[in-house]
Amino acid sequence: MSNEKRDSWGSRSQFILASIGSAVGLGNAWRFPGLAAKHGGGAFLLVYLMAMLILGIPFLMMEISIGRKMRRGVPGALRAINKKTEPIGWFAVSNAFVISVYYAVVFAWVIMMALVSYKFAELTGNPDAMSSASGIWATLIKTTGTTSGYTTISLPVLGCLVFAWVLIYSCIRNGPNTVGKVVTYTVFLPIFCLLILAIKGIIMPGAMEGLQKFFVPDFSSLSSADIWIDAIGQVFYSLSIMMAIMVAYGSFLNKDSNIAKDAMIIAFSDFAISVLAGIVLFTTMSGTGQLENMTASGIGTAFIVYPQSIVLLTNSGVANAVFAFVFYFCLCTLAIDSAFSIIEGVSTAIADAFRLSHKKTTLAVCIVASVLSLWFTTGAGLAWLDIVDNWCNAYSLILVGILEAIAIGWLFDPKKVLKEVNRNTTGFRMPEWWFVISIRFLAPLTLTGFFIWNLVALFKNGGIYGASDGYSLSANIIGGWLILALCFFSGFIVKLIEKNLEKKGFKPDEDEWIDEAES
């Protein structure tokens with residue numbers, strides 16, 4: 001397949017902003033602060049920073065560079081490296097597709113909360129009205145709290161979901177051309193909103209106590225394995241690696257781009273925005289007397305705990321409603337970039353593999369994903385989302401990372417990838433010891449340990465079928481084991497499709513990785 005007509009980023013800044021937009025998502029706004037509260041504040045920040053430097057940044061550079069080198073989505077890029085590793089790419093793509101299905105529903109919840117933010121005015125001074133059972137969000141989504149209740153559909157969520165998918169497709173309908181224009185606004189808007197909320201939080205009485213808890217390390221937390229597991233997991237999830245995104249974004253880069261520097265900018269920007277979001281939540285929660293109620297659960301923080309703080313912000317209902325809108329509008333701008341970047345990674349991989357129109361492929365992926373996402377608008381939707389999200393991130397995503405690290409570190413030469421990373425660098429160069437040791441040893445060993453830890457906890461708490469989340473055996477089989485298996489074997493399913501198409505004259509991509517000195 002010729003790559004001469006492949007779309008590309010309009011500028012270096014567009015790529016950096018798009019990558020930051022993908023990396024900075026809802027997890028930065030609610031999960032990062034929640035984990036910091038769980039693990040001794042500053043202690044979690046230190047561990048996160050270490051994990052980002054040692055593991056996250058090398059992995060980020062690796063994915064961007066193989067995408068730029070081969071001008072392909074992740075399956076095609078891995079195929080060029082070693083034909084046997086292509087299924088790993090499809091594992092990443094299929095898992096990302098599943099994530100996009102339910103992530104769009106979370107995006108819809110955020111849109112819905114922004115639209116009904118006026119309701120916060122009449123609940124001023126009444127945090128009990130925002131409880132998990134009677135709060136605005138809980139009332140609107142009509143959840144049963146169980147995996148039953150399929151006949152009940154929340155019309156507000158349904159309407160917002162349709163709007164969310166229209167926005168997602170509109171942002172990526174022409175690939176990097178439209179993405180580059182959209183991120184110019186959507187990356188800076190949440191920063192602006194977070195700054196407003198941070199200023200408000202800092203000037204509140206008691207805010208310093210929140211800042212102290214956030215930034216001052218509780219070193220006793222470092223002795224717990226949980227803090228290391230959670231920090232490493234947050235790094236990989238937050239940087240959008242192992243999700244087919246960064247390989248796809250890298251495939252639209254020009255050959256003169258500076259991956260080494262750009263990856264550092266992306267990673268530290270992502271970290272900075274996470275810290276800013278932490279300041280917002282810790283100061284606001286402290287200033288309203290809710291600091292001890294912070295939870296590591298992102299959904300609980302965003303839709304139950306933080307709303308309880310919003311109604312206590314001021315004595316003015318109008319002011320509280322305005323701040324509620326700013327907060328959820330901020331979450332909307334964070335969610336949109338991450339949502340469309342996931343779809344972009346999926347559609348790029350499919351279009352490249354089967355030589356399809358990128359625009360038509362993107363539309364088809366959006367339509368299929370949007371239909372599947374309707375499942376999560378039912379009364380059982382929240383429970384199923386909880387199950388699927390847990391399995392996609394705690395198991396599938398980590399398995400992809402292990403396999404990618406093995407593919408590059410052991411079935412290929414990471415030094416060749418490093419050469420691509422450091423091409424065009426005039427200042428900072430990624431050191432060989434840092435990159436190679438991370439990809440070949442630290443990443444696979446750490447992620448394998450992470451995966452085993454999760455499996456042990458799963459079977460220890462939930463029995464042989466792993467229902468540690470409290471849901472039934474059948475729910476865990478369908479929403480967990482079955483989806484994981486389908487994602488894992490998706491590459492072999494694609495191979496069967498390719499062989500069938502070959503009988504009709506289709507020729508799979510046969511490009512290989514060739515170093516510049518060899519070409």
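Mentor: Let's fix some words before we look around: Ala, Val, Leu, Ile, Met, Phe, Trp, Tyr, Cys and Pro count as nonpolar, Asp, Glu, Lys and Arg as charged, and the others, Gly among them, as polar. What you're looking at is a predicted model, where local features need pLDDT of at least 70 and side-chain atom pairs count only at pLDDT 80 or more, while totals for chains, interfaces and linings use all residues. Residues are numbered from 1 along each chain as its sequence is written, and side-chain values use heavy atoms, with hydrogens and water left out.

Trainee: Let's start with a helix. How many residues does helix 16 have, and what does it reach from its first C-alpha to its last?

Mentor: Helices (H or I, at least four residues) and strands (E, at least two) are DSSP runs, numbered from the N terminus. Helix 16 covers residues 358-373, which makes 16 residues, and it reaches 22 Å from its first C-alpha to its last. That's close to the 22 Å expected, the expected span being 1.5 Å times one less than the number of residues.

Trainee: And which residues of helix 16 are buried?

Mentor: Buried means under 20% relative accessible area, exposed over 50%, and partly exposed in between, with a 1.4 Å probe and protein chains only. In helix 16 the buried ones are H358, T361, T362, V365, C366, A369, S370 and S373. Looking down the axis of helix 16, you'd find these buried residues within an arc of 160°, so they line one face of the helix. The arc is that of the directions from the helix axis to the C-beta atoms. The general idea is that an α-helix has 3.6 residues a turn, so residues three or four places apart point the same way. On the other side of helix 16, K360 and V371 are exposed.

Trainee: What covers the buried residues of helix 16?

Mentor: The cover includes helix 5 (86-115), helix 7 (155-172) and helix 15 (317-354). Keep helix 5 and helix 15 in mind.

Trainee: Now the empty spaces. How many cavities of 30 Å³ or more does the structure hold?

Mentor: Rolling a probe the size of a water molecule over the atoms shows where empty space is left. On a 1 Å grid over the protein atoms alone, a cavity is a set of points where a 1.4 Å probe fits but cannot get out; a pocket is an open set with protein on both sides within 12 Å along at least five of seven lines; and lining residues have an atom within 4 Å of a point. Grid points are joined across faces, edges and corners, and a volume is the space filled by probe spheres set on the points. Here there are 4 cavities of 30 Å³ or more. The largest cavity holds about 120 Å³ of space, and of its 16 lining residues, the closest to its centre are S22, A23, Y237, S240 and S338. Its lining has 7 nonpolar, 9 polar and no charged residues.

Trainee: What about the second largest cavity: how are the residues of its lining divided?

Mentor: The volume of the second largest cavity is about 100 Å³. Among its 13 lining residues, those closest to the centre are G76, R79, E86, A353 and D509. Two or more lining residues come from each of helix 4 (74-81), helix 5 and helix 15. By class, the lining splits into 5 nonpolar, 2 polar and 6 charged residues.

Trainee: And which helix gives the most to the lining of the second largest pocket?

Mentor: That pocket holds about 720 Å³ of space. S94, F97, V98, V101 and L372 are the closest to its centre, out of 29 lining residues. Helix 5 gives the most, with 7 residues. The lining has 25 nonpolar, 4 polar and no charged residues.

Trainee: Let's do backbone angles. What is the phi of S240?

Mentor: Most residues other than glycine have a negative phi, and most peptide bonds are trans. S240 has a positive phi of about 60° although it isn't a glycine. S240 sits in the loop between helix 11 and helix 12 (245-251) and is buried, at 4% relative accessible area. A244, in the loop between helix 11 and helix 12, has a positive phi near 75°. A244 is also buried, at 2% relative accessibility.

Trainee: One last residue: what does F506 touch?

Mentor: Contact means heavy atoms within 4.5 Å. Not counting residues up to four places away in sequence, F506 touches A353, F354, R355, E498 and L501. F506 lies in the segment after helix 21 (490-502) and counts as buried at 17% relative accessibility. F506 and R355 are 151 residues apart along the chain, with their C-alpha atoms separated by 9.7 Å.
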